Amino acid sequence: MITQKQLDIFDEKIRAANSIFLFAHKNPDGDAICSVLAMARLIELNYDKEVTCVYDGNIPDNLDDVPLRKRFRFFEKIEEDARVDVAIVMDMDCRVTHNIGGAARFMERARDVIEIDHHQNEDKDCCALCIDDDTAAATAEIVYELMKRAGWQADFVVWRLLMTAIITDTGCFKYVKNGNVLRIAADLVDAGVDIQRTISGLNNKPRKTIVTEAASVGKTEFYFKNRLALAIIDNHQYKNIDGRGETVLNLLGQMHGVEYIVLLKEQKPDQIGVSLRGRGRPVNTVAVALGGGGHEFAAGAVMHDSLENVKKKVLDLLAKEVRKKC
Ligand SMILES: [Mn+2]
């Protein structure tokens, strides 16, 4: 629930600012990108202020066609001495200071930092205002609430961005925490947003990505009586995917009997991205043991070791989990 006091602080900070920067977490996902772009648009429509949207890392290819995508700028393309009065950091996943990446240099010079997220922020000290609601399914849900509470004017671009954010973070409405996000989606549909068009707009990955991900699925290794599926994207294949490999995880997650899904991505010869998914089985403790983190059923880590060593370590840790449940 957004309070009047939060609204007042937001309004005061934005009014007093001449240069507003908006940030998503490093390697932003659909919710991060579209929530930032929707907020940027809302500020322009309602405050007539100039805003700059900044990210670090890479943006998934399937988000290339979202409205205003070109407005999102890689941090190294921003003038080094750019002035920043207010920084709005969104969808940061708990740690603002850790997750913003190279864009931190611009956030740090802001007079005020405003944080908006559907995770509880652990870096509250650096923020003048935190609008956190961990009952929200997406950051876009909070943007929508803010827009309604403040009585802001919106347009079709904002509505489409919010729907795209909600669809990506809820996995097409599979991961809702309560009915609120569905009521918002209903309002957006009534406003004219087409769910099917929004989803097919996201189904536009490059051919090389799908072919590479399918090849990786084809070579999946199975362990512990098929309860664990492990797929690998080697360094040669890694350049063909957009850094994630979601299709691999989705396909293996559809397989009968599979409870744990592991995807090892050889980003560099000695840097392995580990993605873990559990079907009703928690995987976050394993991710933490590997030096990473995440959610109960979707977590990951980046390890600096060879593919072979990382695979052994992951299997050893998961063997304990599998046995626990027997
Ligand atoms: Mn999110």
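How many residues of domain 1 are in contact with how many residues of domain 2? The points below take up this question and then go through the two sheets and the elements packed around them.

1. Domains and their contact. This is a predicted model, and the domain assignment of the protein gives domain 1 as residues 4-202 and domain 2 as residues 207-325. Four residues of domain 1 are in contact with four residues of domain 2, and on the side of domain 1 that touches domain 2 the residues divide into one nonpolar, two polar and one charged. The centres of the two domains, taken over C-alpha atoms, are separated by 29 Å.

2. Overall dimensions. The protein contains 13 helices and twelve strands, and its C-alpha trace spans about 60 × 45 × 40 Å along the principal axes. A compact globule of 326 residues would have a radius of gyration near 20 Å, and the value for the protein, 20 Å, agrees with that expectation. Buried residues account for 38% of the 326 residues, and among contacts between residues at least 6 apart in sequence, 65% join residues at least 24 apart.

3. The parallel sheet. Six strands form an open sheet in the order 3-2-1-4-5-6, and the pairing in this sheet is parallel. Strand 3 (72-74) and strand 6 (129-132) stand at the edges with a single partner strand each, so one side of each is left without a neighbour in the sheet. From one strand to the next the twist averages 25 degrees.

4. Helix 2 on that sheet. Helix 2, residues 30-47, packs on the sheet and touches strand 1 (19-24), strand 2 (50-55), strand 3 and strand 4 (86-90). The direction of helix 2 makes about 160 degrees with that of strand 1.

5. Strand 5 and its partners. Which strands pair with strand 5, and in what sense? On one hand, strand 4 and strand 5 pair in the parallel sense over five bridges, with Met-90 standing opposite Ile-116 in strand 5. On the other, strand 5 (residues 112-117) and strand 6 pair in the parallel sense over four bridges; here the bridge partner of Ile-116 is Ile-131 in strand 6, while Asp-117 stands opposite Asp-132 in strand 6. Ile-116 therefore has a partner in strand 6, namely Ile-131, and also stands opposite Met-90. Five of the six residues of strand 5 are buried, so strand 5 is largely enclosed by the rest of the structure.

6. Helix 5 between the sheet and helix 6. Helix 5 lies across strand 4, strand 5 and strand 6, and runs at about 110 degrees to strand 5. Helix 5 (residues 139-150) also meets helix 6 (residues 156-169), the two axes coming within 8 Å and crossing at roughly 145 degrees. The residues that make this contact are Thr-139, Ala-140, Glu-141, Val-143 and Tyr-144 on the helix 5 side, with Leu-162, Ala-165 and Ile-166 on the helix 6 side. By class, the residues of the contact divide into six nonpolar, one polar and one charged.

7. The mixed sheet. Another open sheet of six strands has the order 7-8-9-10-12-11, and its pairing is mixed. Strand 7 (221-223) and strand 11 (293-294) are the edge strands, each pairing on one side only. Within this sheet, strand 8 (residues 228-233) and strand 9 (residues 260-268) pair in the parallel sense over six bridges, and Ala-229 stands opposite Ile-261 in strand 9.

8. Val-286 in helix 12. Is Val-286, a residue of helix 12 (residues 284-289), buried or exposed? Val-286 is buried, because 26 other C-beta atoms lie within 10 Å, against a threshold of 20 or more. Leaving aside neighbours within four places in sequence, Val-286 is in contact with Leu-276, Leu-317, Leu-318 and Glu-321. Val-286 and Arg-111 are 175 residues apart along the chain, and their C-alpha atoms are separated by 39 Å.

Technical notes: Residues are numbered from 1 along each chain as its sequence is written. This is a predicted model: local features need pLDDT of at least 70, side-chain atom pairs count only at pLDDT 80 or more; totals for chains, interfaces and linings use all residues. Axes are lines fitted to C-alpha atoms, for helices over the stretch in contact, and angles run from 0 to 180 degrees between N-to-C directions. Helices (H or I, at least four residues) and strands (E, at least two) are DSSP runs, numbered from the N terminus. Two residues are in contact if their C-beta atoms, placed from the backbone, lie within 7 Å. Ala, Val, Leu, Ile, Met, Phe, Trp, Tyr, Cys and Pro count as nonpolar, Asp, Glu, Lys and Arg as charged, and the others, Gly among them, as polar. Two strands pair if DSSP finds at least two bridges between them. The radius of gyration is taken over C-alpha atoms; the globule rule is 2.2 Å times the number of residues to the power 0.38. A residue is buried if 20 or more other C-beta atoms lie within 10 Å of its own, exposed if 12 or fewer, and partly exposed in between; C-beta atoms are placed from the backbone. Domain bounds come from an automatic or database domain assignment.
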